[in-house]
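Hi,

Here is the structure I said I would pass on. Have a look at it first, and then read my notes below.

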Amino acid sequence: MFIDKVHIHVKGGDGGAGCMSFRREAHVPKGGPDGGDGGHGGNIVIQADGSVSSLIDYRFKHHFKAERGVHGKGSRMHGADGADCILRVPVGTVVRAWNEEKSEAGETIADLTHDGDAVVVAQGGAGGRGNIHFVTSTRRAPAFAELGEPASEHWIELEMKLMADAALVGMPSAGKSSLIARMSAAKPKIADYPFTTLAPNLGVVRSDDYDYVIADVPGLIEGAHEGRGLGHEFLRHVERCALIVHVVDITGGFEGRDPVEDYCIINQELKLYASELANRPCIVVANKVDVPGFEDNLARLEAVVREDSLAAVGGNEFAESPINPKLFLTSAVVGKGIESLKAVIGAEVARIRAAARTAAAEQPHYDHVWERRRQAADKRFSAVMLSPGVFRVEGPQIERWVVQTDWDNEEAITFLQHRLRRAGVDAALEAAGARDGDEIRIVGYSFAFESARQHEDVFSELEL
């Protein structure tokens, strides 16, 4: 089964709790704190794998969770980190955030275009720190430790786009499957009725000088850019291909269609779906020339292709253009024109590859962009008034601090107050209109607000 778009829920592993412990050893009075840290939770990693051909592994299983970190122990024994959960996807997979409630895609997280490309989509929670980390000159025996940090979780969309050098596009029954079967070792289903091909086929073509991958995209119809005939499901696979091979049934088929009209319709659908496809290098193939009586249609198609060629070079018929359409006559049934078509496609693909390598070398590389965005968003918070005397603070990092706090331990609560003040939460609440005694809500907890002036002396004794 060919699956090219799925939605999955990913959750990193929660961090292990830090340990609150004191050294207990014969002849060593007041041994001091020795609680170990909790282990970090595992991450959810999406990794491109050249041996994976579809997203079928995520067709029925939609929830994935990494291993949690192990709790710390006494004697400075740190907990083990949780194992990462690596989800392997085909090369060419686009990873996006997904809003399950609105059923809409968000920002693009990563575009995995090379074998081995990987991105962390759900960060594991950090392990809680043991009480050895909270020793200061005035707090010699801290009797608290941090709980493990909750992991991030959310829905993502995985969309596979074929990574092929050239794409065969055209109306249903134009002979695309027969061509790819002639040009490569691919074995697509071939029959004399429309929409025989319901999923893209890939084939490796080997000519005398070049090897390349060609895709047989299921037949398109008028309105495909709006989703008619599963247009969106098919057109996405054309986006990755460097060269478009436009296949036209020069006979008009059993329906007696106009080949020139079909040619124009497909070009318009590509342009309406993605404007950059109109400027993609293109080769036009007049197929089924073994059937008598195609001459008039061929003359008309040649005239239209020539007009497109001149338009691509600004009317200069002697100029060369990478998007100048070229017309070739083929018959997939008897093999006419196949070898020359394979050689021309190979030469075009080689030229496009060389230009792409040059462009890639000139562009700067931005590593870990998604991670930097995530960290920046993690630190943002807001303080808003819900009603007179009631305020809510929201923000990923702030909320995790609250969840990590042991609420049965007075020292841990005091330490949390210090962290919130250092992060600017007190100042934000005062700017929002909060006064001493007002109710402050963070996740599932409620506090009475105390301005920094009231407990400045206490905070001066605490260190992060």
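Let me start with the aromatic rings: searching the whole structure turns up 6 aromatic pairs. Here rings of Phe, Tyr and Trp (its six-membered ring) pair if their centres lie within 6.5 Å, and planes under 30 degrees apart are called stacked, over 60 edge-to-face and the rest tilted. One pair is Phe 144 with Phe 415: the ring centres are 5.7 Å apart and the planes stand at 40°, so this pair counts as tilted. It ties together distant parts of the chain, since Phe 144 sits in the loop between β7 (118-122) and β8 while Phe 415 is in helix α8, 271 residues apart. Helices (H or I, at least four residues) and strands (E, at least two) are DSSP runs, numbered from the N terminus.

Before going on, some housekeeping. This is a predicted model, where local features need pLDDT of at least 70 and side-chain atom pairs count only at pLDDT 80 or more, while totals for chains, interfaces and linings use all residues. Residues are numbered from 1 along each chain as its sequence is written, and side-chain values use heavy atoms, with hydrogens and water left out.

Now the cavities. The structure holds 2 of them of 30 Å³ or more, and the largest has a volume of about 70 Å³. A cavity is a set of points, on a 1 Å grid over the protein atoms alone, where a 1.4 Å probe fits but cannot get out; lining residues have an atom within 4 Å of a point. Grid points are joined across faces, edges and corners, and the volume is the space filled by probe spheres set on the points.

Both Phe 144 and Phe 415 are in the lining of the largest cavity, which also includes Trp 401, Gln 404 and Arg 419. Helices α7 (396-404) and α8 (410-422) are the elements that give two or more residues to that lining, and α8 has the largest share with 4 residues. Where does the largest cavity lie? Domain 1 (5-160) and domain 3 (376-449) both contribute lining residues, so it lies between them. The domain bounds come from an automatic or database domain assignment.

On to the strands, where two count as paired if DSSP finds at least two bridges between them. One open sheet has 5 strands in the order β3-β1-β8-β5-β6, with mixed pairing. Its edge strands are β3 (63-65) and β6 (104-112), each pairing on one side only. Within it, β5 (residues 93-99) and β8 (residues 153-160) pair in the antiparallel sense over 6 bridges, and Ala 97 stands opposite Ile 156 in β8.

A second open sheet has 3 strands, ordered β4-β2-β7, again with mixed pairing. β4 (85-89) and β7 are at its edges with a single partner strand each, so one side of each has no neighbour in the sheet. Strand β2 (residues 44-48) runs parallel to β4, joined by 5 bridges, with Ile 46 opposite Leu 87 in β4.

Finally, two hairpins. β10 is joined to β11 through 4 residues. The hairpin of β15 and β16 has 2 residues between the strands, and Gly 389 there takes a positive phi near 85°. β16 also pairs with β17 (residues 439-442), in the parallel sense over 3 bridges, and Arg 392 has Arg 441 as its bridge partner in β17.

Cheers

Definitions and conventions: On a 1 Å grid over the protein atoms alone, a cavity is a set of points where a 1.4 Å probe fits but cannot get out, and a pocket is an open set with protein on both sides within 12 Å along at least five of seven lines; lining residues have an atom within 4 Å of a point.
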